[in-house]
Amino acid sequence: MPTIAPFQLERYFAKYEFKVKYLLSPSDCESLTLNELLQLADPDSLRLWHSLNLCYTESPGHPALREEIARMYEHAPPAQIVVAAPEELIFIAMHTLLRSGDHVVCISPAYQSLYEVARAIGCDVAVWPVEEVEGQWRLDLNRLESAITDRTRLLVVNFPHNPTGYLPTRRDIDSVIELARRRNLFLFCDEMYRLLEYDEAGRLPPMCDLYERGISLSGLSKTFALPGLRLGWLATQDSTLPEQWLTFKDYTTICNSAPSEILGLMALRAADSIIARNLQIIRSNIRIAEQFCGEHASLVRWFPPRAGSIAFPKWLGRAPIEQVCQSAVDEREVMVVPGSIFDFPGQHFRVGLGRKNFAEALEQFGAHVQLRG
Ligand SMILES: Cc1ncc(COP(=O)(O)O)c(C=O)c1O
């Protein structure tokens, strides 16, 4: 048996993602094709693409790629950025920041590796719960304060949040940082869905710019619609951390895929048009979801997300949501992720708002629940 608990969400996807007709709960945006990305490429990255040698690459990431990433941050220069697969970076960050016996506070519900890796290391993990209050998502700072102990070393958050689409205000985030600063905590912020805020005014600055012990995780899988490149990065102001991450990375992938790095460079340079395309898909799908929830008000309650490509509505029907999801996948080939996969009570389920066939998947689900509700 592995020394880490199964990743419930990933096991669920592994079972159905490539077998069923419809996915109602994917977290990524409609992926770009290679041709679409090449069409967006600037002359310099096209030149790098056509002369690409499929050799080993520089362990921290291609210098031009890190330079492009560093433009997104005020206080994280290229030397303080390490590129790898996003999930790998969570593994690396936790293994370098934590030791057995450390105490960690993690937002909940959460993408499982954000707390499970810490548990596998032997840490005690306390949760800071996202709560539902009158059809909205909320985080209570008092609950965070009471979760922190003298042994707490790390606070893990994820904004914009998977699975709720929740985004705190700048004031809230400043209070979180103040708390972390008083206790000298590291603050790991998973920002995989950043730049997909529906109202740009609500966008939070990256954690690595706001806090001297802040670490930002970002990547190309969600906001940039390129999960198949397997590229993300960690950024920090702390000049001692990147060396530790690289020491650990020698035991995971050593370095990144050479083609992915150049394609990633193209994507970052074309960020504005890729993000605008994705937000257009998401906005249109939100309207469809709202209409669906209006038409099925006795069965589903919409919880409006503020950012990202996912939402977490609530099932109001009589049957347990797990049962509804199971019969939907068995009978209609529609995969829907129930909230229990995130160990979250309250009959929620995740919907993915980034795919072009969202309306079709939702229609199939609607036809199913009308019979089953
Ligand atoms: C919040 C969050 N962090 C990290 C990841 C990992 O990204 P990747 O699958 O590209 O490694 C995901 C993927 O779903 C995610 O939702």
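The predicted model contains 18 salt bridges, a salt bridge being a side-chain nitrogen of Lys or Arg within 4 Å of a carboxyl oxygen of Asp or Glu. One of these joins R183 to D150, with 3.9 Å between the closest N and O atoms. The pair connects distant parts of the chain, 33 residues apart: R183 belongs to helix 8 (residues 170-183), whereas D150 lies in the loop between helix 7 (141-147) and strand 6 (152-158). Helices (H or I, at least four residues) and strands (E, at least two) are DSSP runs numbered from the N terminus. Side chains of opposite charge can pair when their charged atoms come close.

Because the model is predicted, local features need pLDDT of at least 70 and side-chain atom pairs count only at pLDDT 80 or more, while totals for chains, interfaces and linings use all residues. Residues are numbered from 1 along each chain as its sequence is written, and side-chain values use heavy atoms, with hydrogens and water left out.

The ligand occupies the largest pocket. On a 1 Å grid over the protein atoms alone, a pocket is an open set of points where a 1.4 Å probe fits, with protein on both sides within 12 Å along at least five of seven lines; a molecule sits in a pocket if more than half of its atoms lie within 2 Å of its grid points. The ligand is surrounded by 13 residues, the closest being N162, D190, Y193, S221 and K222, where a residue counts as near if one of its heavy atoms lies within 4 Å. By class, this shell comprises five nonpolar, four polar and four charged residues. Helix 5 (residues 86-97) makes the greatest contribution to the shell, with three residues.

Polar side-chain atoms of N162 and Y193 lie 2.8 Å and 2.7 Å, respectively, from an oxygen atom of the ligand, and one of D190 lies 2.5 Å from a nitrogen atom of the ligand. The protein covers 93% of the 390 Å² of accessible area that the ligand has on its own, as computed by the Shrake-Rupley method with a 1.4 Å probe.

N162 also takes part in a cis peptide bond, to P163, with omega near 20 degrees. A further cis bond joins F159 and P160, with omega about -10 degrees. P160 is located in the loop between strand 6 and helix 8, as is P163. In the loop between strand 4 (124-133) and strand 5 (136-139), E134 has a positive phi near 50 degrees. Most residues other than glycine have a negative phi, and most peptide bonds are trans.

Technical notes
A polar contact is a pair of N or O atoms within 3.5 Å; within protein, one must be able to donate a hydrogen and the other to accept it, and residues adjacent in sequence count only if both atoms are side-chain atoms. On a 1 Å grid over the protein atoms alone, a cavity is a set of points where a 1.4 Å probe fits but cannot get out, and a pocket is an open set with protein on both sides within 12 Å along at least five of seven lines; lining residues have an atom within 4 Å of a point. Ala, Val, Leu, Ile, Met, Phe, Trp, Tyr, Cys and Pro count as nonpolar, Asp, Glu, Lys and Arg as charged, and the others, Gly among them, as polar.
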